[in-house]
Amino acid sequence: MGEHFADVEKNIPEACKWYEKAANQEHVESQFLLGFYYRFGDVGFPADIEKGRQWYMKAAKKGHVRAQRRLGDLYRNENNYAEAVKWYNKAVIKRDKLAMFHLAILHEAPPDYSFPGCDIDIAVSLYEELSTPSFNYKAAMVSLGLLYCDGEKVSRNEIEGKKLLEMALFPNGKLEIDDSLDIYDIWLAGAVYCTGRTNTNSEPNLDDLNKGIELLDIVIADGFQGYPPDRLELVKRMRNFSDDRRKTCFRPASNATENNDDFIISGFCRSCLNKKVNSRDSVEDIIRSSLKMADNGNGFGAFFGLQGVLATLKEDGCPACTGIVEGVSDELSKLIKK
Ligand SMILES: [Zn+2]
């Protein structure tokens, strides 16, 4: 198909005519390609979702596997999960890797995706199969590893979870990221390593902490937009901490997750958190209210709140905690200037 493409692009109107003709003559691969070109508006075809759907449908009904999966994607994007699942299932019977993965995600994540017959066990068994050497699909290993380490949707099994994460992210003991993994997976895995969820006792060990920070470094370098920059700035600061400091930074998973302010708070030492900024509020109080303001889009409020914390810590705090607040308020001031 690759060599074909060069010719196609040189002579677009001719190619369009040829595909339409072949597709109309019931040539299944051409029907699929027409569906794809109309769906995305490619090689000279105007984007037209309904035409894309019609051609996918023709090819899918004749058993074309990629057409079945793409049709599933189309319905999924329209939040029609029952219809998406119907078409994914047809491609899954033929063990199409991406259809298996996309179907597993739908089964994993109600209420975001919910449909009759939605079942976490189906998600687990699809992820398991995709993790076997015959598929060796790293995105599935990470998804399943996170499920086991989190222990919310399936019973927690940190040993199995960690094994899967290591297989996907640290084969041969060294970090290796392949392109099946998106930045969001890497962020989640980093947070799981940092907060002790890869360990039976829920305490991060130094080896896991360092792995977590290595993963989160990738997230920072990528400029990932899905998470507030003040939080990523915190991680960036932690990278420079000594081993001892790292160990005290992260609290057990039970009171520090990547999704709440406790994760930020856990970066500070208790002595600094307890210091008073004014007669009523401690450093911890002000940091929490500033994070809330930042989340609500009040960058100014957050910035000025943190200036009070900064003044207090500069006078009487430890250098590590002062560094965190400096970094976070630098990031906030950049945002305010935008
Ligand atoms: Zn401190």
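The following conversation asks how the descriptions attached to this predicted model are justified.

Visitor: How do you know what kind of secondary structure the chain has, and how much of the chain is buried?

Guide: The secondary structure of the chain comes to 19 helices and zero strands, and of its 338 residues 39% count as buried. Among contacts between residues at least 6 apart in sequence, 51% join residues at least 24 apart.

Visitor: Why is Ala 99 called buried?

Guide: Ala 99 has 25 C-beta neighbours inside 10 Å, and the cut-off for a buried residue is 20 or more, so Ala 99 counts as buried. This residue lies in helix 7, and, leaving aside residues up to four places away in sequence, Ala 99 touches Gln 68, Arg 69, Gly 72, Tyr 88, Ala 91 and Val 92. With Arg 69 the separation is 30 residues in sequence, while the two C-alpha atoms are 5.5 Å apart in space.

Visitor: What makes helix 7 mostly covered, and what covers it?

Guide: Of the 12 residues of helix 7, 10 are buried, among them Leu 98, Met 100, Phe 101, His 102 and Leu 103. What covers these buried residues includes helix 5 (65–77), helix 6 (81–93), helix 8 (120–131) and helix 9 (138–150).

Visitor: How do you know that the span of helix 7 is close to the expected one?

Guide: Helix 7, residues 97–108, reaches 16 Å from its first C-alpha to its last, and the span expected at 1.5 Å a residue is 16 Å. Helix 11, residues 183–194, likewise has 12 residues and reaches 16 Å, close to the 16 Å expected for it.

Visitor: Why is helix 11 described as largely enclosed?

Guide: Because 10 of the 12 residues of helix 11 are buried, helix 11 is largely enclosed by the rest of the structure. The buried residues include Ile 186, Trp 187, Gly 190 and Tyr 193, and the buried residues of helix 11 pack against helix 9, helix 10 (158–169) and helix 12 (206–222). Beyond the end of helix 11 comes Gly 196, whose phi is positive, near 80°.

Visitor: How do helix 9 and helix 11 pack, and which residues make the contact?

Guide: The axes of helix 9 and helix 11 are 10 Å apart and meet at an angle of about 35°, and helix 9 passes helix 11 in a left-handed crossing. Helix 9 contributes Ala 139, Val 142, Leu 146 and Cys 149 to the contact, and helix 11 contributes Asp 185, Leu 188, Ala 189 and Val 192. By class, this contact has seven nonpolar, no polar and one charged residues. The spacing along each helix has a general background: an α-helix has 3.6 residues a turn, so residues three or four places apart point the same way.

Visitor: Which residues touch the most other members of the largest nonpolar core?

Guide: In that core of 61 residues, Leu 103, Ala 140 and Ala 189 touch the most other members, and helix 9 supplies the largest share, nine residues. Not counting residues up to four places away in sequence, Leu 103 touches Val 85, Tyr 88, Asn 89, Val 92 and Leu 126. There is also a second, separate core of 18 residues, which includes Val 283, Cys 321, Val 325 and Val 328.

Visitor: Why is Glu 26 called exposed, whereas Asn 136 is called partly exposed?

Guide: Glu 26 has 11 other C-beta atoms within 10 Å, and a count of 12 or fewer makes a residue exposed, so Glu 26 is exposed. Asn 136 has 16 other C-beta atoms within 10 Å, a count that falls between the limits of 12 and 20, and Asn 136 is therefore partly exposed. Glu 26 lies in the loop between helix 2 (12–24) and helix 3 (28–40), and Asn 136 in the loop between helix 8 and helix 9.

Visitor: What makes the backbone at Glu 26, Asn 136 and Pro 111 worth pointing out?

Guide: Most residues other than glycine have a negative phi, and most peptide bonds are trans. Glu 26, however, has a positive phi, near 70°, and the phi of Asn 136 is positive too, near 50°. The peptide bond from Pro 110 to Pro 111 is cis, with omega near 5°, and Pro 111 lies in the loop between helix 7 and helix 8.

Definitions and conventions:
Residues numbered from 1 in each chain as written. Predicted model: local features only at pLDDT ≥ 70, side-chain atom pairs only at ≥ 80, totals over all residues. Helix = DSSP H or I, 4+ residues; strand = E, 2+ residues; numbered from the N terminus. Expected span 1.5 Å × (residues − 1). Contact = placed C-beta atoms within 7 Å. Axes fitted to C-alpha atoms, helices over the stretch in contact; angles between N-to-C directions. Left-handed = near helix turned anticlockwise from the far one by under 90°. Nonpolar A, V, L, I, M, F, W, Y, C, P; charged D, E, K, R; others polar. Core = buried A, V, L, I, M, F, W, Y, C linked by C-beta atoms within 7 Å.
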